[in-house]
Amino acid sequence: EVYFKNLSKQKQKEVMEKNGNNHKLRVCVATCNRADYSKLAPIMFGIKAEPQFFELDVVVLGSHLIDDYGNTYRMIEQDDFDIHTRLHTIVRGEDEAAMVESVGLALVKLPDVLNRLKPDIMIVHGDRFDALALATSAALMNIRILHIEGGEVSGTIDDSIRHAITKLAHYHVCCTRSAEQHLIAMCEDHDRILLAGCPSYDKLLSAKNKDFMSIICMWLGDDVKTRDYIVALQHPVTTDIKHSIKMFELTLDALISFNKRTLVLFPNVDAGSKEMVRVMRKKGIEHHPNFRAVKHVPFDQFIQLVAHAGCMIGNSSCGVREVGAFGTPVINLGTRQTGRETGENVLHVRDADTQDKILHALQLQFGKQYPCSKIYGDGNAVPRILKFLKSIDLKEPLQKKFCFPPVKDNISQDIDHILETQSALAVDLGGTNLRVAIVSMKGEIVKKYTQLNPKTYEDRLELILKMCVEAASEAVNVNCRILGVGISTGGRVNPREGIVLHSTKLIQEWSSVDLRTPVSDALHLPVWVDNDGNCAALAERKFGHGKGIENFVTLITGTGIGGGIVHQHELIHGSSFCAAELGHIVVSLDGPECLCGSQGCIEAYASGIALQREAKKLHDEDLLLVEGMSMKKEEVVSAAHLIQAAKLGNTKADSILRTAGTALGLGVVNILHTMNPSLVILSGVLASHYVNAVKDVINRQALSSVKTVDVVVSNLADPALLGAASLVLDYTTRRIY
């Protein structure tokens, strides 16, 4: 509501004038089943809320009107929508022939309805056979079509139907970046594609019901607790009905053996559903004490049921799409959703051919809690869609235009006034400062916040959450859509669980800390955590010298010495997440003491702390300052003073720097002989002072076969923040299912 109140009146006038003075856009929304209504209802509410711009006509057909599937048209009436037309289009039989006959029956009945309503545009959702009949009728009757959720990839015949509707549709609203790129690759007009997110997420992300226990008890019984029940929803796979029925039978056997209270929803109206219902009745599911079998659950209540379930199992798109918003574990069975983008809460059992496989998956997933996922939406889809509808010019030619290759680069194709940049929220926990930044897909730091890093765990975590919430709010103002949060921190990190295992001495009270859970809970975003050295390597791989390099090593030369190793394009963490502790390679058995407790580590020679220690020794002996240098009485001696003294001819300072460079060089030689990378990247404030010394040591000490390695200084201004962002951006752009 706030979004639309802030629209300029001038823009509204222009839209009205473009479509002919006070002409309202007449929108026909056709809904075929309970699933598509959950996506269309938020749009319908938005249209109804703006009568000055739109007229809404609602057409109901398909399984909405069948008693065996719950007569779900009633929930449309309960939502206070006027149903202008009811069309009985389903031919019973639940086999392939019945699906074809149902499409034919809908094609016979729809022309009369569309002639009577004369809509300016018809909104069609998804990939059901009923939707194909709607799109075909509208296209042949020269009615503009807006297709919701085109460009996605899944299994079965749905893919073919979805892409067929895409070719008939004039405008497209997609939910993910991949779907948008698929539409572009299918030669659809870039200007008629809107990346909005899934409309159902507008409701999911704002769904707060303090009385959810009454809903759970109503459907599952009074003795059921949250996270201690299962929701099962499985549909037939129309391209392999026999196998899908067998898989459903195995699923029910596994659920019976697992012995948890389970809510089983009846399958949809596709071919094979009748046989699946027979399997349920054969196994006595409707009378089993652990099962509740229902035809339909109202969407508002269904949200609460899956949000607080211990697990969801089946092959419904709801499991791989909507349930991710709550972090509820999901077991996706078979091939029906093959190709769908999913969050980490989804465990795939592609070949669910035995009861043991399904039972094992239940044991792995049940009761877990994953970070909330926003792959399919950020809760603002409906405002974008309504704004997109208002921008449609009815005077434009009706004939579709196709954009054949070459297609545009991978840039945002949102309509110009909603252009948003895909971005990450990057957090860098240093020994002194705590920094949070909004980082774009191209590595641009859009906005950065810096605060002193608190000394206690409680204060530090509170500040992290406060800064992240502030940055996420600001992202809306700078047209950035946050895909997730990446956190770079010192110490040993378990990136799989998002836990800091052990901290460096520079960050106090920072061991055995779960960072993922509180940040994910506060922002409703997926969160990744890794060591700062590993993050620096990821930054180089995505944005720096390491881009496209198969094997390279990054060394950070700052307050301490750290690093990261990339081997065969992948980051190495090690068996106990201790790989790439390069600062603690020992280069001398009797060298100075290191903060780790050992002696002769690279860090004891070449880190900023080590140089500061040597600078203080020289200063205490009045051997640091030379002509051209001065220090205030209260000024703290630092590594910078040592470097300045060496540049001005202080031989002792120069000797210390050469020793430090030699120690670092010996460490690099050890790395070359162990990992044999093709590139060594020196990063951090001291990198430029060490690069020549490192090259000299390699020439003197390394085997001839590794002397050709390239040693370069990083050109990245903020590797820690960029690396934290890479944790998010790499994951969201490289995932293949």
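Okay, let's start with one residue: serine 512 counts as exposed, at 61% relative accessibility. Exposed here means over 50% relative accessible area, buried means under 20%, and partly exposed is in between, all with a 1.4 Å probe and protein chains only. Serine 512 sits in the loop between β19 (499-502) and β20 (513-514). Helices and strands are DSSP runs numbered from the N terminus, with H or I and at least four residues for a helix, and E and at least two for a strand. The phi of serine 512 is near 55 degrees, a positive value in a residue other than glycine.

A quick word on what we're looking at. This is a predicted model, where local features need pLDDT of at least 70 and side-chain atom pairs count only at pLDDT 80 or more, while totals for chains, interfaces and linings use all residues. Residues are numbered from 1 along each chain as its sequence is written, and side-chain values use heavy atoms, with hydrogens and water left out.

Back to that loop. Lysine 505 lies between β19 and β20 too, and at 62% relative accessibility lysine 505 counts as exposed. Its C-alpha atom is 9.3 Å from that of glycine 490, and the two residues are 15 apart along the chain.

Now compare glutamate 149. Is glutamate 149 buried or exposed? At 5% relative accessibility, glutamate 149 counts as buried. You'll find glutamate 149 in the loop between β5 (144-148) and α7, and its phi is near 70 degrees, again a positive value in a residue other than glycine.

Let's zoom out to the whole chain. There are 737 residues in the protein chain, and 57% of them are buried. The secondary structure comes to 25 helices and 26 strands. The C-alpha atoms fill a box of roughly 95 × 65 × 50 Å along the principal axes. As for surface, the chain exposes about 31,100 Å², with carbon and sulfur atoms supplying 51% of it; those areas come from the Shrake-Rupley method with a 1.4 Å probe, and for residues only the protein chains shown count as cover.

Contacts next, where a contact means heavy atoms within 4.5 Å. If you take contacts between residues at least 6 apart in sequence, 69% of them join residues at least 24 apart.

The chain is divided into domain 1 (23-198 + 382-391), domain 2 (205-365), domain 3 (412-544) and domain 4 (546-715). Those bounds come from an automatic or database domain assignment. The C-alpha centres of domain 2 and domain 4 lie 56 Å apart.

On to the empty space. Rolling a probe the size of a water molecule over the atoms shows where empty space is left. Here, a cavity is a set of points, on a 1 Å grid over the protein atoms alone, where a 1.4 Å probe fits but cannot get out, and its lining residues have an atom within 4 Å of a point. Points are joined across faces, edges and corners, and a volume is the space filled by probe spheres set on the points.

How many cavities of 30 Å³ or more does the structure hold? Eleven. The largest cavity has a volume of about 650 Å³. Its lining takes in 40 residues, and Asn33, Arg34, Ala35, Asp36 and His235 lie nearest the centre. By class, that lining has 13 nonpolar, 13 polar and 14 charged residues. Nonpolar covers Ala, Val, Leu, Ile, Met, Phe, Trp, Tyr, Cys and Pro; charged covers Asp, Glu, Lys and Arg; the others, Gly among them, are polar.

Where is the largest cavity? Domain 1 and domain 2 both give residues to the lining, so the cavity lies between them. Helices α3 (34-48), α7 (158-168), α13 (299-307) and α14 (317-320) each supply at least two lining residues, and α3 gives the most, with five.

Last stop, some buried spots. Valine 231 is in strand β8 (residues 229-233) and is buried, with a relative accessible area of 1%. Leaving out residues up to four places away in sequence, valine 231 touches several others, including Leu263, Phe302 and Val306. Valine 306 is 75 residues away in sequence, yet the C-alpha atoms are 6.7 Å apart.

Then there's helix α22 (residues 639-647), whose buried residues include His641, Leu642 and Ile643. The buried residues of α22 pack against α21 (608-620), α23 (651-675) and α24 (687-701). Just after α22, glycine 649 takes a positive phi of about 100 degrees.

How values were computed
On a 1 Å grid over the protein atoms alone, a cavity is a set of points where a 1.4 Å probe fits but cannot get out, and a pocket is an open set with protein on both sides within 12 Å along at least five of seven lines; lining residues have an atom within 4 Å of a point.
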